[in-house]
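Thanks for coming. I will take a few minutes on one model and go through its side-chain packing. Please have the structure open as I talk.

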Amino acid sequence: MNKKKINSKAVIFLLALILNCNFIFAQKEQCQTKFLAFQEIAKEGDFDAIYNSWLDLRKTCEGTDEAIFIKASGFLAPKVEEASASDEKNVMIQKLISIYDDHDKTFPNNKSGNRINKAILLFENKQGNSATIYKFLDQAFKLDNDSFVNANVLNIYANLIVEEYNSTEKKITLDQAIEKLDLVYEKAQSESGKIDSENERLSLKAETETLTAEEKSVLKSNANALREYKAVTANINASINKLANCDALVAFYQKDFDKNTENVLWLERVSDRLDSKKCKTDLYQKVLEKWNQLSPNAKSSYSLALLSRQSRNQEKTIEYFTQSASLQKDANKKSDIFYLLATTYGNRNKPKAKEFALKAIEAKPSSGKSYIFLAQLYASSSNECGKDNFEKKAIYWLAANTAKQAGVVEAVMKKSADQMAQDFLKNAPTKAEVSQVKRKTGELISFDCWIGETVSVPKL
């Protein structure tokens with residue numbers, strides 16, 4: 001008897017399963033038919049017909065195909081832009097918002113970023129208030145973070161955070177505002193990092209083979225995107241500078257330092273934040289040192305070099321400038337670092353000072369200031385080099401020639417460089433002195449000391 005009951009239950013279940021499968025199959029078939037009909041009507045461009053066909057499609061297929069909602073935003077969004085009358089535009093906006101909401105309810109795990117879509121729809125059409133738009137974006141940043149990548153949207157959200165803090169109601173505290181802005185900043189950093197990685201990959205490929213037209217287009221698009229993300233971080237830096245003083249920033253970041261000592265993005269962000277506010281505190285140095293340990297880079301080592309130079313620690317200054325120069329890819333910036341190394345060595349170590357001044361010129365041939373530095377270095381050595389008094393004075397010819405070169409390579413410096421050269425020549429040998437030692441015009445004079453250069457006797 002039990003066996004018969006089991007069998008009858010199994011039969012009933014099997015029949016129900018077959019009927020359900022048949023229903024689902026029939027529904028899918030009917031849905032596909034209506035989808036094809038909708039696509040044909042959509043080609044005609046009659047909005048009312050398209051919308052009615054879509055409503056019919058949705059009634060039949062809702063819950064089975066996410067494309068229904070995506071199609072709707074595809075034909076409604078342009079309609080919002082086309083609408084001229086405010087009433088008509090408002091109707092379209094509300095319809096589109098309703099579709100975004102229903103999409104999220106029906107397919108809660110979709111990746112369409114509908115909260116962002118709603119916020120930008122309201123923002124661009126000047127609908128709703130700032131608080132409503134902020135609420136949508138604030139939720140989206142938490143719940144749809146993977147979709148929150150558009151630089152313009154990040155900027156809008158950052159501006160609304162500041163607006164929320166500055167509102168008369170003070171809806172968020174200063175710490176909350178900074179925390180939210182930092183997260184937006186980190187998002188921009190993260191997205192920029194992805195682009196940098198892609199650019200590096202394509203650049204390496206370009207060294208051995210020709211890039212495709214598509215890859216070249218990607219590099220061009222990436223350059224624009226990086227500029228946009230840079231604008232986001234600059235905007236946030238400026239906003240926080242206005243919101244908080246140095247003491248407030250140090251107090252805010254100090255409490256989170258210990259738990260972020262392995263967080264490269266946090267360390268980079270905080271160093272930027274404190275640097276832009278000129279908060280050269282112990283925390284700033286600790287953050288830089290940790291960042292440079294975890295991810296050695298030209299920026300952190302350069303900042304550490306400046307701090308070391310300020311504290312007159314020449315050994316550390318040279319160490320960090322040398323590290324920064326080795327990691328710096330930009331030729332102009334590399335030249336500037338070499339110049340700073342040259343001036344750091346200065347008169348204490350003239351051979352090294354000359355070495356790095358020449359490296360600065362090699363990296364940037366138009367580095368007029370490096371020629372000026374060399375000219376001054378030579379002139380300061382008139383008593384150190386030369387076999388006799390005449391040769392000691394002849395060093396000023398070398399100094400004058402070197403100073404003039406600054407005006408040749410960098411036109412803006414010509415007037416001051418020529419004046420410096422004239423001042424040096426006042427200390428150079430006179431025509432009578434040249435005649436007295438029986439030297440001839442064009443004759444070369446070599447300096448065997450650290451200078452290691454030659455200069456020809458000029459026509460006087």
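**Aromatic pairs, core and two helices**

The count of aromatic pairs comes to 20. Take F47 and Y51 as an example: the ring centres are 5.9 Å apart and the planes make an angle of 10°, so this pair is stacked. Keep in mind throughout that this is a predicted model.

Where do F47 and Y51 sit relative to each other along the chain? Both belong to helix 2, residues 47–61, and they are 4 residues apart, so about one helical turn separates them. F47 is buried, at 11% relative accessible area. Y51 also counts as buried, because its relative accessibility is 16% and the cut-off is under 20%.

Now a pair with another geometry. F141 and F148 have ring centres 5.1 Å apart and planes at 80°, so they are edge-to-face. F141 is buried with a relative accessible area of 9%, and for F148 the figure is 0%, again buried.

Back to F47 and Y51. Ring pairs link these two with F38, W54 and F75 into a cluster. Y51 has a further neighbour in K95, which lies over the face of the ring at 4.1 Å from the centre. There is a similar arrangement to point out at Y339, where the charged end of K369 sits over the ring, 4.7 Å from its centre.

Next, the core. In soluble globular proteins, nonpolar side chains tend to be buried together. Which residues of the largest nonpolar core touch the most other members? That core has 125 residues, and the ones in question are F75, L137, F148, Y253, L274, W397 and F424. F75 we met in the ring cluster, and F148 in the edge-to-face pair. As for L274, leaving aside residues up to four places away in sequence, its contacts are L249, V250, Y253, C279, L283 and Y284.

L137 takes us to helix 6, where it is one of the buried residues. The others listed as buried there are I133, Y134, F136, D138, A140 and F141. What do the buried residues of this helix pack against? They pack against helix 5, helix 7 (151–166) and helix 8 (174–206). Helix 6 itself has 14 residues and spans 20 Å from first C-alpha to last, close to the 20 Å expected at 1.5 Å a residue.

One residue from that helix in detail. F136 is buried, with a relative accessible area of 16%. It touches R115, K118, A119 and L122, again not counting residues up to four places away in sequence. F136 and N114 are 22 residues apart in sequence, while their C-alpha atoms are 9.2 Å apart in space.

Between helix 5 (114–124) and helix 6 (130–143) there is a loop, and N125 is in it. Is N125 buried or exposed? It counts as buried, at 19% relative accessibility, with the cut-off for buried being under 20%. The side chain of N125 reaches the backbone oxygen of L121 at 2.8 Å. Contacts of N125 beyond four places in sequence are V80, K89 and I93.

Last, helix 18, residues 389–409. Its 21 residues reach 32 Å from the first C-alpha to the last, close to the 30 Å expected at 1.5 Å a residue. At its start, a side-chain oxygen of D388 comes within 3.1 Å of the backbone nitrogen of F390.

That is the tour; I am happy to take comments.

Note on methods: Residues numbered from 1 in each chain as written. Predicted model: local features only at pLDDT ≥ 70, side-chain atom pairs only at ≥ 80, totals over all residues. Heavy atoms only, no water. Helix = DSSP H or I, 4+ residues; strand = E, 2+ residues; numbered from the N terminus. Buried < 20%, exposed > 50% of the residue type's maximum accessible area, 1.4 Å probe, protein only. Polar contact = N/O pair within 3.5 Å; in protein donor to acceptor, adjacent residues only side chain to side chain. Contact = heavy atoms within 4.5 Å. Expected span 1.5 Å × (residues − 1). Phe/Tyr/Trp six-rings, centres within 6.5 Å; stacked < 30°, edge-to-face > 60°. Lys NZ or Arg CZ within 6 Å of the ring centre and 35° of its normal. Core = buried A, V, L, I, M, F, W, Y, C linked by side-chain atoms within 4.5 Å.
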